Amino acid sequence: MVSGMTRLTMAQALVRFLAVQATERDGRRERLINGCFGIFGHGNVAGLGQALHQYRDLLPYHPARNEQGMVHIAAGYARQRNRLGTFACTTSVGPGATNMVTGAALATINRLPVLLLPGDTFATRTPHPVLQQLEVPHDATVSVNDCFRPVSRFYERIERPEQLIPAALEAMRVLTDSAETGAVTLALPEDVQAEAFEVPGAFLEPRVWTVYRQPPAPEALARAAELIRSARRPLIVAGGGVIYSEAVSALRALVDAIGIPVAETMAGRGALVSDHPLSMGAVGATGGAAGNRLARDADLVIGVGTRWSDFTTASKSAFQDPDVRFININVAAFDAGKHSGLPVVADARVALEQLRAALEGWRVEAEWERRAAAEAELWEAEVERVISLDGDHAGLPTQAQIIKEINAAAGETGVVVCAAGSAPGDLHKLWRARDPAGKSYHVEYGYSCMGYEIPGGIGVKLAAPEREVYVLVGDGSYLMLPGELVTAVAERVPLVIVLVDNHGYASIGALSRSVGSSGFGTHYRFSDNGSVPLDPAASDVLPLDLAANAASLGARVVRASTIYELREGLAGARGTDGPVVVYVEADRYKGVPSYESWWDVPVAEVSEEDPVRSAREAYGRAHEHQRHYLNAP
Ligand SMILES: Cc1ncc(C[n+]2csc(CCOP(=O)(O)OP(=O)(O)O)c2C)c(N)n1
Ligand SMILES: [Mg+2]
């Protein structure tokens with residue numbers, strides 16, 4: 001026990017406090033703050049830097065290469081640990097701090113705990129304006145760190161050392177609250193970091209934050225069971241909450257008992273193993289035929305741990321029964337209230353177990369269950385067809401073929417990590433989830449942030465060293481944040497990174513063509529705005545060599561130009577002590593089709609261009625399927 005008072009700087013007290021925080025759920029305890037990623041500059045090199053150096057055995061420090069990237073590492077880690085553990089991230093003042101804002105938004109939108117410690121300008125104001133300071137003439141309390149307010153679930157600027165005590169406790173409370181969690185930002189003025197104060201011993205003692213499983217209100221559970229009993233065509237939509245709450249087995253037990261089919265959101269993909277007869281796979285804008293057909297006809301939709309993003313609801317066109325009603329099981333009341341649904345505010349696992357007990361002896365109508373199983377079989381055959389296209393392997397590999405190879409290499413427990421571009425939609429449709437814990441599919445699609453892939457993958461591997469981690473990253477996303485490859489090298493993180501080069505933004509190119517704008521601005525080409533005369537004989541593809549780039553950053557690189565070489569590259573990439581980049585060029589135009597779905601992307605109402613006019617007509621027709629979901633439960 002640390003008794004009495006200890007004289008420490010604010011930064012020293014913070015580091016010692018963070019080092020002894022733990023979470024506990026179901027009697028299992030783990031460390032909450034597993035270390036600190038950072039980039040030093042003025043604003044953290046002296047105060048916090050000194051403390052991290054002095055206590056480096058208590059709170060390990062890891063240098064990163066880009067502040068956004070290090071937040072992604074923390075978020076990837078937190079997601080893999082089901083939100084029970086994370087990292088702190090420290091930056092200098094100014095650009096170092098604002099570089100973290102994108103990472104903060106990603107964490108908050110995905111409800112992933114990350115602790116952000118941006119440096120801040122002087123609380124005394126004496127030397128102001130300092131290097132990199134934003135001056136706001138009418139408000140001396142503003143700094144660039146105010147940018148964190150809308151993207152943090154808790155924000156505090158610590159202007160006096162004693163203020164650390166309530167701020168740090170509140171920060172831990174929010175980080176470990178499943179409904180509230182996200183980015184937590186403690187802005188640390190550089191002078192205050194270095195100021196000493198008398199720290200009470202109790203503040204420095206180990207502290208456990210228990211994550212309780214909230215049971216549903218009995219009336220809400222009873223009403224949910226009643227709604228399910230009277231439904232003829234019910235469908236479960238499993239979201240990320242199923243996986244975070246470790247409710248995968250409870251979901252399976254419920255489905256086996258009552259026969260309701262399950263479709264999955266991006267974050268919920270893998271909640272039910274793909275070979276289960278009632279697994280419909282993906283639903284929504286990037287959904288498959290089985291999920292989307294059942295969604296269209298369902299009269300009761302039971303959302304579990306989903307926030308109903310437009311990709312899941314196909315921009316509110318997925319559910320077409322005029323009498324469709326919703327039950328929303330969610331830890332967050334905010335999400336439980338969506339779509340006029342019956343709010344069941346609860347931990348997913350507890351709610352699913354209680355529903356199973358309440359529905360004892362009941363099973364869904366045989367006709368609906370048969371229909372679901374038949375759709376699942378048809379869809380399985382379609383997936384097989386798509387991933388096996390171009391069996392002669394004549395041209396460039398397609399992304400579907402690449403996914404098939406990664407899926408095979410990943411086996412049961414390997415994890416695929418992805419975030420932006422055309423790959424998330426393809427993965428959502430095609431990935432066969434086999435991991436009984438539901439952790440093989442890690443696609444960040446709350447923020448779909450280009451650049452998340454490599455640092456996110458580092459976080460996953462640090463959180464689950466026993467699993468193989470496969471990062472699938474496009475050329476565009478790779479160019480956003482390749483620097484974290486260096487972090488993977490420095491930290492000896494064995495990652496397999498499949499870098500798919502299709503020379504630009506294939507996803508947005510396809511989207512652009514669908515709205516009549518011919519892929520404008522989505523190719524990596526020499527600019528053709530007329531200012532530079534082009535040599536008509538030369539190729540207009542830019543002379544980039546991303547494989548050489550990855551090698552120059554210290555990764556082992558394998559160039560694969562056929563599917564066979566990719567397979568060999570994946571096999572040879574195992575068991576290394578650092579990142580391996582398997583570089584493969586892919587066919588930009590052989591995409592995976594969309595299956596009876598839609599995404600609301602508004603098209604110009606007037607235009608002189610025919611393709612735009614016809615896209616607008618199609619848009620108008622599609623819009624007729626958009627609904628408000630107003631039926632009371
Ligand atoms: C930070 C960020 N900027 C812009 C976007 C919009 N966007 C989504 S996908 C994409 C292109 C991704 O290109 P690439 O990684 O090469 O994947 P591809 O589309 O070619 O499969 C863009 C620009 C985004 N999601 N994130
Ligand atoms: Mg690309």
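**Exercise 1.** In this predicted model, determine which residue forms a salt bridge with R111, and where in the chain the two partners lie.

*Solution.* Begin with the atoms: R111 pairs with D335, and their closest N and O atoms are 2.9 Å apart, which lies within the 4 Å that the criterion for a salt bridge allows. Next, place each partner in the chain: R111 belongs to the loop between α5 (101-109) and β7 (114-120), whereas D335 belongs to helix α13 (residues 333-336), so that the bridge links distant parts of the chain, 224 residues apart. Finally, set the pair in context: the count by this rule comes to 39 salt bridges.

**Exercise 2.** Identify the polar contacts that ligand 1 makes with S448, D475 and G504, and state how much of the ligand the protein covers.

*Solution.* Take the nitrogen first: a nitrogen atom of ligand 1 is 2.8 Å from a polar backbone atom of S448. Turning to oxygen, one such ligand atom is 2.7 Å from an N or O atom in the side chain of D475, and an oxygen atom of the ligand is 2.8 Å from a polar backbone atom of G504. As for coverage, ligand 1 has 580 Å² of accessible area on its own, of which the protein covers 77%.

**Exercise 3.** Locate ligand 1 and describe the make-up of its shell.

*Solution.* Ligand 1 sits in the largest pocket, and the elements that give two or more residues to its shell are α19 (475-480) and α21 (506-514). Helix α19 supplies the largest share, four residues. Of the 15 residues around the ligand, those that come nearest are S422, S448, D475, G476 and S507. Sorted by class, the shell has nine polar, five nonpolar and one charged residues.

Notes
Residues numbered from 1 in each chain as written. Chains lettered and ligands numbered in written order. Predicted model: local features only at pLDDT ≥ 70, side-chain atom pairs only at ≥ 80, totals over all residues. Heavy atoms only, no water. Near = heavy atom within 4 Å. Polar contact = N/O pair within 3.5 Å; in protein donor to acceptor, adjacent residues only side chain to side chain. Areas by Shrake-Rupley, 256 points an atom, 1.4 Å probe, with all protein chains shown as cover. 1 Å grid on protein atoms, 1.4 Å probe; cavity = no way out; pocket = protein on both sides within 12 Å on 5 of 7 lines; lining within 4 Å. Sits in = over half its atoms within 2 Å of the grid points. Nonpolar A, V, L, I, M, F, W, Y, C, P; charged D, E, K, R; others polar. Salt bridge = Lys/Arg side-chain N within 4 Å of Asp/Glu carboxyl O.
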